[in-house]
Amino acid sequence: MSAIDKLLGRMTLAEKLGQLTMTSASYAVTGPVIAGDSTDSIRDGTLGNLLNLVGAKHVHEMQRIAVEESRLRIPLLIGFDVIHGHRTIFPVPLAEAATFDPRVWELTAREAARETAADGLAMTFAPMLDVSRDLRWGRTVEGPGEDPWLAEQIARAKVRGFQGADLAQHDSVAATAKHFCAYGPVAGGRDYASVDISERTLREVHLPAFAAAVRAGVAAIMPAFTELGGIPLTMHRPLLRDYLRGELKFDGVIVSDYNAIRELIQHGVAGDIVEAAVLALRAGVDIDMMAEAYRKGLPVALERGLVTMDEIDECVLRVLRLKERLGLFDDPYRRGASAETPDVVAARRRLARDVAAKSLVLAKNSAGTLPLDAKVRRVSVIGPLADAWREMRGPWAAAGYEEPSVTTLAGLNEALPHAAVSHAEGVPIVGTNVSGIAAAVEAVSGADVVVLCLGEAAEMSGEAASRAFPELPGEQRKLAEAVLDRARRDDVRVVAVLFCGRPLIVPWLAERVDALLIAWFPGTEAGNAIADVLTGRVSPSGRTPITWPRALGQIPIFYSQRNSGRPENPSDHFTSKYLDSPNAPLFPFGFGLTYGRFAYANMTVSPETATLEDVIEVSVDVTNEGGRAAEETVFLFTRDRVACVARPTLELKGVTKISLLPGETGTARLRLPASDLRFLGLDLEPVHEPGEIEIHVGPCADLGQLVSSRVMVRA
Ligand code: NOJ
């Protein structure tokens, strides 16, 4: 009998339910004494897990109460939302996805884990893996974007980064893949709303990232708040028990979302807290976060015979095993035992700058507007996001350093010591005050260049931040148009820097500005990274991980649509198109310019006939025909034109990067395991169908820009 089994044997029901409960310590209350009741509960062994407590001193004090004063001395599991950096804030996840670089994803998670652990914590509620094809949904900012293959790569890298080589290490934390699953397609893009999608879309689009996280050894999974076809994920037996536990053999911890078990009553599937607790427990949810459903409901449920002690024990064992894997029984103080050295902190800050620069997407650059001329002497930085440091951190930088993040204004001032960099806010981010527009317009005259910083406020994306009008809020369009009118008159170039947690509908802006840099929310080092790219110290390399529509009515818009029986044909009325908008997006998935200009030639595919066991090697020569060194991102898409189930017109299967000097040619090589060409057949089981597969390689999901070849796949 293991030590954990023995421990279980000694536990009372109240102590067991304590291990299945997680409550908030609301760290905003400065000090270790959390709501008296919770401290007492830790002491009497009826509370085993916390969230929202930070700071090694406070965490250790709570652990001390647990391991010295409670009867069974079981350490606490303490989790926190470390979404894109803990103290040092990296770009928001959607922005990080834009780097298309697994090394970056892993590195930022590793550094976030080290900071989290240095704060005494052992668990994060990340990564968020919900594919989003509806930008109205505010939580798009937290996730990987629109593509399932990309989401899988991010899942693997993040789990590796957070958990390190061994969960017991003093700088590893348990990762939580969330929100399981299909939270993204909420009806109307409205947070928490119903989801109703086909079993095929569920399996093709929304499950793969979670499967990848489980295969990578993720410690925990959090079910989504939402319901799927009427069944809330918090009680979804087919998905939690049959799929996760059964098919994927996931034996980690399932932790509910905040109050989600109680919300089963609101969903309309439980009459009271007892029924809610039963439904969640029987579906396999181990930890009840903030609903008090297990502690209140399960004793009654046991009495009524609605659950068994074995079912409760199963959950308790999983929680205790996670604590064991995290090394908490051996030494509950291992995390946060020593402070980080200044050089570690400084290196992390450099990483934040580097990653932020890599996440910026240059969406337009007419006539070489960027990089800024080295001789630039007068720069007018205009707009409400030019000097708004808090906004730079994005919507969820919970414990992020309070010290100001670097703004574009500060970054440009630093980067251009010989230039006069002036600032005019023009209008607030939201609101109707236009009194600053006149001064902003005046600031255009005499400037060598205008940097127009527009966008959403950080809190306009994230949880409960869906938008029916995902455009520039407030009077920003008025400001932009006034500035652009004056700039045209005075022949001044305008560079727009757009801050957002999702694509915004801004075709007019893209049309009128000379250059457009999509900055998302870049984090602590925002302004320095933006200045690095604007001045050319860094050549931009970010690519949008989500399609930018030109009109709201195009949503949901994503590159991997199916062809339909009547694909768009402008000269045929009865084909799939709009009367009042092109089908084509403003910016396709994968789009992003660099300071180079790349041409593709000599694509090869080897072998030309492949079996399931083969790895297909695809290569293409890329030449930088531009005048500056740059890094090109090369995507590999496939298309299976004839299959038993209609396949998307493009499917992403690989990405690589190649850095080239002006005039230089290099060969980009991508590996495509033929087994990746399998898909879910008529019965939703993976099939391998012999036949021709098209292979398309190039800079983004726009067929017109891709070079193509094919491979024959044999049985
Ligand atoms: C609710 C959010 O949906 C989830 O992502 C988060 O981890 C929990 N709150 C805990 O803060």
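**Exercise 1.** Decide whether Tyr192 is buried, exposed or partly exposed.

*Solution.* Start with the cut-offs: buried means under 20% relative accessible area, exposed over 50%, and partly exposed in between, with a 1.4 Å probe and protein chains only. Tyr192 has a relative accessible area of 37%, so Tyr192 is partly exposed. A word on the source: this is a predicted model, in which local features need pLDDT of at least 70, side-chain atom pairs count only at pLDDT 80 or more, and totals for chains, interfaces and linings use all residues. Residues are numbered from 1 along each chain as its sequence is written, and side-chain values use heavy atoms, leaving out hydrogens and water.

**Exercise 2.** Classify the ring pair of Phe100 and Phe589 and place both residues in the fold.

*Solution.* Let's begin with the rule: rings of Phe, Tyr and Trp (its six-membered ring) pair if their centres lie within 6.5 Å; planes under 30 degrees apart are stacked, over 60 edge-to-face, and the rest tilted. A search of the whole structure gives 13 aromatic pairs. For Phe100 and Phe589, the centres are 5.9 Å apart and the planes stand at 85°, so this pair is edge-to-face. Next, Phe100 sits in the loop between helix H5 (93–97) and helix H6 (102–118), and Phe589 in the loop between helix H21 (526–535) and strand S17 (598–606), so the pair ties together parts 489 residues apart in sequence. Here helices (H or I, at least four residues) and strands (E, at least two) are DSSP runs, numbered from the N terminus. Finally, Phe100 is buried at 4% relative accessibility, and Phe589 is buried at 0%.
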